[in-house]
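Trainee: Could you show me the structure and let me quiz you on the words people use for it?
Mentor: Sure, here it comes.

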Amino acid sequence: MRRAAVLAAVFAAGAAMAHQGVTNPGVMARMEGMSDLGAATKVLGQMAKGQTAFDAAKAQAAREVIRAEAARVVELFEAPEQDPKSEALPAIWDQFTEFTLKARALEEAAGGDVASLEALRGTFGQIGAACSGCHKAYRK
Ligand code: HEC
């Protein structure tokens with residue numbers, strides 16, 4: 001629970017329009033994909049924390065967004081697009097196989113159970129770990 005609360009706070013802050021002023025369309029596209037991940041993760045985080053009522057259908061929908069966006073990450077990052085506003089580290093393209101595995105880990109975590117509040121909390125923890133596992137290695 002504590003961990004979920006911390007993660008939710010981190011994601012809420014990260015969801016601000018960090019991609020304003022980006023001119024490279026490839027960078028913009030991957031940032032928008034990440035923003036969608038942020039928004040869907042926030043929905044789960046607020047439920048996990050008890051800030052919003054648990055709603056199995058909403059949780060399921062948010063988790064599907066995360067799963068679908070996670071499946072697009074590899075394609076969105078494949079070309080080593082640059083932009084002064086980008087927070088992507090060059091290591092992504094030196095270690096693209098590892099990067100791919102981190103995207104897969106998120107896709108798998110998003111397949112977790114969200115049918116009850118208890119299950120949602122566990123799945124949310126795993127999703128959060130998958131997000132930060134990649135950000136720590138590959139985001140400034
Ligand atoms: C496989 C690696 C990877 C995973 C998994 C990942 N991210 Fe990211 N994320 C990145 C990278 C790299 C950037 C920086 C992109 C850039 O600035 O070019 C980023 C940027 C972001 C941004 C800022 C977007 C912007 O507008 O600048 C948000 C918000 C974000 N991620 C949320 C999430 C959330 C929430 C999750 C988990 C549900 C997640 N990310 C999972 C790699 C990942």
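What follows is a chat about the ligand, its iron atom and two helices.

Mentor: First, this is a predicted model, where local features need pLDDT of at least 70, side-chain atom pairs count only at pLDDT 80 or more, and totals for chains, interfaces and linings use all residues. Residues are numbered from 1 along each chain as its sequence is written, and side-chain values use heavy atoms, with hydrogens and water left out.

Trainee: What makes Met34 and His135 coordinate the iron atom of the ligand?
Mentor: Donors are N, O and S atoms within 2.8 Å of the metal (3.2 Å for Na, K and Ca); water is not among the atoms, so sites may look incomplete. Met34 (SD) and His135 (NE2) sit at 2.0 to 2.3 Å, so they count as donors. The pair joins distant parts of the chain: Met34 is in helix H2 and His135 in helix H6, 101 residues apart.

Trainee: Why is the site of the iron atom called octahedral?
Mentor: Six donors earn that word if opposite donors are over 155 degrees apart and all others between 65 and 115. Here the 6 donor atoms make angles of 87 to 178°, and the site is octahedral.

Trainee: How do you know whether Met34 is buried, partly exposed or exposed?
Mentor: Buried means under 20% relative accessible area, exposed over 50%, partly exposed in between (1.4 Å probe, protein chains only). Met34 has 29%, so Met34 is partly exposed. His135, at 26%, is partly exposed too. Among the buried residues of H2 are Arg30 and Leu37.

Trainee: What makes the Ser86 pair with the ligand a polar contact?
Mentor: The term needs a pair of N or O atoms within 3.5 Å; within protein, one must be able to donate a hydrogen and the other to accept it, and residues adjacent in sequence count only if both atoms are side-chain atoms. An N or O atom in the side chain of Ser86 is 2.6 Å from an oxygen atom of the ligand, so the pair qualifies. Arg30 has a polar side-chain atom 2.9 Å from a ligand oxygen atom.

Trainee: How do you know that H6 has close to its expected span?
Mentor: Helices (H or I, at least four residues) are DSSP runs, numbered from the N terminus. The expected span is 1.5 Å times one less than the number of residues. H6 (residues 117–138) has 22 residues and reaches 31 Å from its first C-alpha to its last, close to the 32 Å expected. H2, with 25 residues, reaches 35 Å, close to the 36 Å expected.

Definitions and conventions: Helices (H or I, at least four residues) and strands (E, at least two) are DSSP runs, numbered from the N terminus. Four donors count as tetrahedral if all angles lie between 85 and 135 degrees; four count as square planar and six as octahedral if opposite donors are over 155 degrees apart and all others between 65 and 115; anything else is irregular.
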